[in-house]
Amino acid sequence: NLSTVSEFVFVGLSDAPEIRLLLFVLFLLIYLATMAGNITLLVAISTDSHLHSPMYFFLGSLSLLDLLCPTITVPKMLGALLLEHKEISFSGCLFQHFSLIAAVGTEIFLLTVMAYDRYVAVCHPLRYPSIVNTKLCAHLAVGTWATGLLNSLLHTSLVFTLSFCGPNKIQQYYCDIPPVLALSCSSTRSRELVILAVAGVLGSSACVVTVVSYICILLEIQARNSPGIWRKAFSTCGSHLAVVCLFYGTTICTYARPSFTYSPHRDRVVSMLYGMLTPLLNPIIYSFRNKEVKCALNRVISQV
């Protein structure tokens with residue numbers, strides 16, 4: 001009497017019509033602001049010659065990922081809020097899952113590369129142009145995207161080769177790992193262990209590189225002990241450190257735990273933090289204390 005699931009249904013954020021309309025307007029404004037902020041930052045980096053450096057090359061890649069992440073999930077959520085079209089096909093769910101995990105994974109590795117870039121800039125400023133050259137930037141960028149795609153391919157194959165033959169209501173506004181695993185009618189324990197192991201190894205490796213980079217930066221600052229060194233180091237690394245803390249905090253709370261601790265209502269809020277607010281805040285954080293980015297953004301806005 002079992003039948004294969006051909007589509008999934010998202011459980012909406014609210015069933016009350018008046019709340020749905022309010023949420024639609026709110027999330028639409030956040031999405032449009034995210035698009036505007038990251039596109040403006042990309043245009044500024046690509047058109048301003050003062051920003052043609054490794055640091056801003058990686059920042060442009062981060063803005064591109066911040067455009068992709070909400071675009072993968074938010075339009076479908078807005079359609080569900082406004083039109084109550086909550087269904088998504090099995091293949092559509094698979095593609096959404098693959099794209100999102102690839103973008104999130106790539107962003108984790110990109111933030112790690114940016115931490116190494118900041119380490120070289122602070123600890124080896126004279127050798128920075130020769131170490132972080134164009135060839136290395138290209139290799140690091142390709143490596144982050146390739147690793148993110150391969151990681152997503154593994155996670156997606158582990159999740160969507162399970163049997164789905166019963167419930168099809170996803171307790172989330174997009175196809176995420178925990179709520180999709182909860183719908184499987186086959187045993188998921190072994191695959192959960194593999195997912196946690198792979199995510200743990202890759203995530204902890206990225207985290208270790210980031211932490212070690214900042215430890216070396218702190219040791220270098222203390223060794224120099226020159227006037228104004230702390231303020232200069234903060235202006236160099238403060239934006240990246242804030243983005244890392246925001247991204248890692250929300251991502252770890254969502255993924256670094258077994259599925260039996262899954263809470264639909266809590267996880268919707270947490271996933272919105274890294275899925276919507278983080279891409280919105282990243283360009284603001286990077287432009288708030290960076291004079292070069294401020295000047296480039298002012299030139300772009302004045303030209304528009």
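Helices (H or I, at least four residues) and strands (E, at least two) are taken as DSSP runs and numbered from the N terminus. The structure in every view is a predicted model.

**Figure 1. Two of the transmembrane spans listed in the UniProt record.** Residues 56–74 are 100% helix and 0% strand, and the C-alpha atoms at the two ends of this span lie 27 Å apart. Residues 94–116 are likewise 100% helix and 0% strand, with 33 Å between their end C-alpha atoms. Both spans come from the unreviewed UniProt entry, which lists "transmembrane region" for residues 20–44, 56–74, 94–116, 136–154, 193–221, 233–257 and 269–288.

**Figure 2. Overall fold of the protein.** The chain contains 10 helices and three strands. In sequence order these elements run β-α-α-β-α-α-α-β-α-α-α-α-α. Of the 304 residues, 46% are buried. Among contacts with a separation of 6 or more, 79% join residues 24 or more positions apart. The protein has an accessible surface of about 15000 Å², and carbon and sulfur atoms account for 69% of that surface.

**Figure 3. The largest nonpolar core and another core apart from it.** The largest nonpolar core holds 51 residues, with Phe27 and Leu62 making the most contacts inside it. At least two residues of this core come from each of α1, α2, α3 (90–123), α4 (128–131), α8 (229–255), α9 (264–288) and α10 (291–303). The helix that gives the most is α2, with 12 residues. Another core, of 18 residues, lies apart from the largest one and includes Val5, Leu158, Ile170 and Ile177.

**Figure 4. Surroundings of Val243 in helix α8.** Val243 has a relative accessible area of 0% and is therefore buried, the cut-off being under 20%. Leaving aside residues up to four places away in sequence, Val243 touches Leu62, Leu111, Asn282, Ile285 and Tyr286. Of these, Leu62 is also one of the residues with the most contacts inside the largest nonpolar core. Pro279 is 36 residues from Val243 along the chain, and the C-alpha atoms of the two are separated by 9.7 Å.

**Figure 5. Surroundings of Thr144 in helix α5.** Helix α5 covers residues 134–160. The relative accessibility of Thr144 is 6%, so Thr144 counts as buried. Residues up to four places away in sequence being set aside, the contacts of Thr144 are with Thr106, Phe109, Leu110 and Val113.

**Figure 6. The salt bridge between Arg118 and Asp117.** The side chains of the two residues meet at a distance of 2.7 Å, N to O. A search of the whole structure finds one salt bridge. Arg118 and Asp117 are both buried. Side chains of opposite charge can pair when their charged atoms come close.

**Figure 7. A nonpolar patch on the surface.** Leu21, Val25, Leu29, Leu82 and Leu83 together make a nonpolar surface patch of about 500 Å². Helices α1 (17–47) and α2 (54–83) each supply at least two residues of the patch, and α1 gives the most, with three. Leu29 lies in helix α1. With a relative accessible area of 54%, Leu29 is exposed, because the cut-off for exposed residues is over 50%.

Definitions and conventions:
Residues numbered from 1 in each chain as written. Predicted model: local features only at pLDDT ≥ 70, side-chain atom pairs only at ≥ 80, totals over all residues. Heavy atoms only, no water. Salt bridge = Lys/Arg side-chain N within 4 Å of Asp/Glu carboxyl O. Buried < 20%, exposed > 50% of the residue type's maximum accessible area, 1.4 Å probe, protein only. Patch = residues over 30% accessible without salt bridge, like charges linked within 9 Å, V, L, I, M, F, W, Y side chains within 5 Å. Areas by Shrake-Rupley, 256 points an atom, 1.4 Å probe, with all protein chains shown as cover. UniProt positions renumbered as here; feature names shortened; annotations may be inferred. Core = buried A, V, L, I, M, F, W, Y, C linked by side-chain atoms within 4.5 Å. Contact = heavy atoms within 4.5 Å.
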